[in-house]
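Morning, everyone. I have one structure today, and I will keep to side-chain pairs and helices. Let me put it on the screen.

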Amino acid sequence: MSFSSDTKKELSGIEPAKACCQLAEIAGFLRVAGSLRLAGGGNFDIVVTTESPAIARHYVKMIKAYFRTKAEIEIKQDQSPLRKGQRAHEYEIIIGHDDNSESILRETGILLVRQGSNYLTSGIYEDVVRKKCDRKAYLRGVFMGAGMVSDPAKSYHLEFSSSRQALAVDIKKLLGTFGVNAGISERRGKYVTYVKNSAAISEILAQIGADTQVLKYENARIRNEMVGDAARMANCDNANTDRVLDASERQMAAIKKIRDAGKMDDLPPKLRETAELRLANPDASLSQLGEMSEPKLKKSGVNNRLKKLESIASKIV
């Protein structure tokens with residue numbers, strides 16, 4: 001299973017203790033995963049689709065407990081082309097028009113009345129997310145209905161898919177109440193509210209109750225940071241090594257120019273000593289050359305002598 005599927009499986013095991021949280025979670029799930037099916041006579045059924053049997057069982061149980069009504073599960077053959085990791089079946093939760101479907105839509109804020117007429121809302125019904133615990137529950141329902149989080153070992157990405165732009169904007173605002181800054185993009189006719197910051201994603205998972213997945217996520221983040229730090233240190237060491245080698249080659253070239261011009265004997269004794277040490281030890285560091293000098297020199301002293309040799313060489317035509 002994927003990291004995202006494991007997260008949804010963990011969330012499907014949460015049973016909100018408070019009635020307000022139950023309603024909020026159901027409202028979030030119905031908003032993103034539900035649709036209406038005409039049943040004749042102006043009536044309609046609620047049809048909610050998921051690829052997870054665990055999620056289907058979870059919401060059937062919760063809907064029955066909160067609304068005291070029936071909700072049935074039907075298994076449908078998935079008609080889309082099979083891809084790696086995709087299920088061969090879809091699970092439909094059916095709430096019939098005889099089972100208070102209209103009342104459920106009204107209480108979740110999906111169906112409201114304006115100027116004496118029913119209308120379907122497109123965003124988040126504020127009455128079900130007034131308290132912080134309700135916002136957490138609503139976000140959990142939205143995630144189980146239309147959420148995805150990538151494996152943190154590969155990338156940092158969490159998103160919620162919406163059919164309407166207004167809902168995507170409301171989800172962004174909802175995330176903002178937890179201090180999370182999200183973006184919105186349009187993709188294949190859908191509006192996606194997304195987060196790419198690893199710390200923010202971890203915070204979202206914690207808020208919706210995926211405690212086990214948060215631990216896995218944080219462990220992956222730590223591993224990624226350790227690997228990144230090791231790579232940066234290696235790159236830094238390589239860069240330092242390259243600089244040392246470049247400097248050594250430049251110094252060697254300057255000293256050879258002085259030697260080939262027959263001017264080694266014209267050098268002051270201290271500079272000649274350093275020049276001969278460098279010629280004999282092309283790979284030695286400045287500290288090592290200082291240890292070989294008589295008397296011993298600090299790295300800065302050796303560096304000053306080599307710079308003087310380079311300056312002398314630059315004046316030789």
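I start with Asp127, which is partly exposed at 42% relative accessibility. This is a predicted model, so the usual care applies to everything I read from it. The partner of Asp127 is Arg130, and the two form a salt bridge with the closest N and O atoms 2.6 Å apart. Arg130 itself counts as exposed, its relative accessibility being 55%. The cut-off for exposed is over 50%, so Arg130 falls in that class.

Elsewhere, shared partners link salt bridges into one network made of Asp265, Arg272 and Glu276. In the whole structure, the search finds 13 salt bridges.

Of those pairs, which parts does the one between Glu25 and Arg140 tie together? Glu25 sits in helix H2, residues 19–33, and Arg140 in helix H5, residues 132–146, so the salt bridge joins parts that are 115 residues apart in sequence. The N to O distance in this pair is 3.0 Å. Are the two residues buried or exposed? Both Glu25 and Arg140 are buried.

The next pair is mixed in its accessibility classes. Asp45 forms a salt bridge with Arg37, and here the closest N and O atoms are 3.8 Å apart. Asp45 has 11% relative accessibility and counts as buried, because the cut-off is under 20%. Arg37, at 36%, is partly exposed.

Now to helix H9, residues 269–280. With 12 residues at 1.5 Å a residue, H9 should span 16 Å, and the end C-alpha atoms are 16 Å apart, which agrees. Which residues of H9 are buried? They are Leu271, Thr274, Ala275, Leu277 and Arg278. Looking down the axis of H9, these buried residues fall within an arc of 165 degrees, so they line one face of the helix. Pro269 and Ala280, on the other side of H9, are exposed.

Last, a residue in helix H11, residues 299–314: Ser311. Ser311 is partly exposed, at 33% relative accessibility. How far apart are Ser311 and Ala254 in sequence, and how far in space? They are 57 residues apart along the chain, with 8.4 Å from C-alpha to C-alpha.

To go back over the pairs: Glu25 and Arg140 are both buried, Asp45 is buried while Arg37 is partly exposed, and Asp127 is partly exposed while Arg130 is exposed. That is what I have. I will take questions now.

How values were computed. Residues numbered from 1 in each chain as written. Predicted model: local features only at pLDDT ≥ 70, side-chain atom pairs only at ≥ 80, totals over all residues. Heavy atoms only, no water. Salt bridge = Lys/Arg side-chain N within 4 Å of Asp/Glu carboxyl O. Helix = DSSP H or I, 4+ residues; strand = E, 2+ residues; numbered from the N terminus. Buried < 20%, exposed > 50% of the residue type's maximum accessible area, 1.4 Å probe, protein only. Expected span 1.5 Å × (residues − 1). Arc of directions from axis to C-beta.
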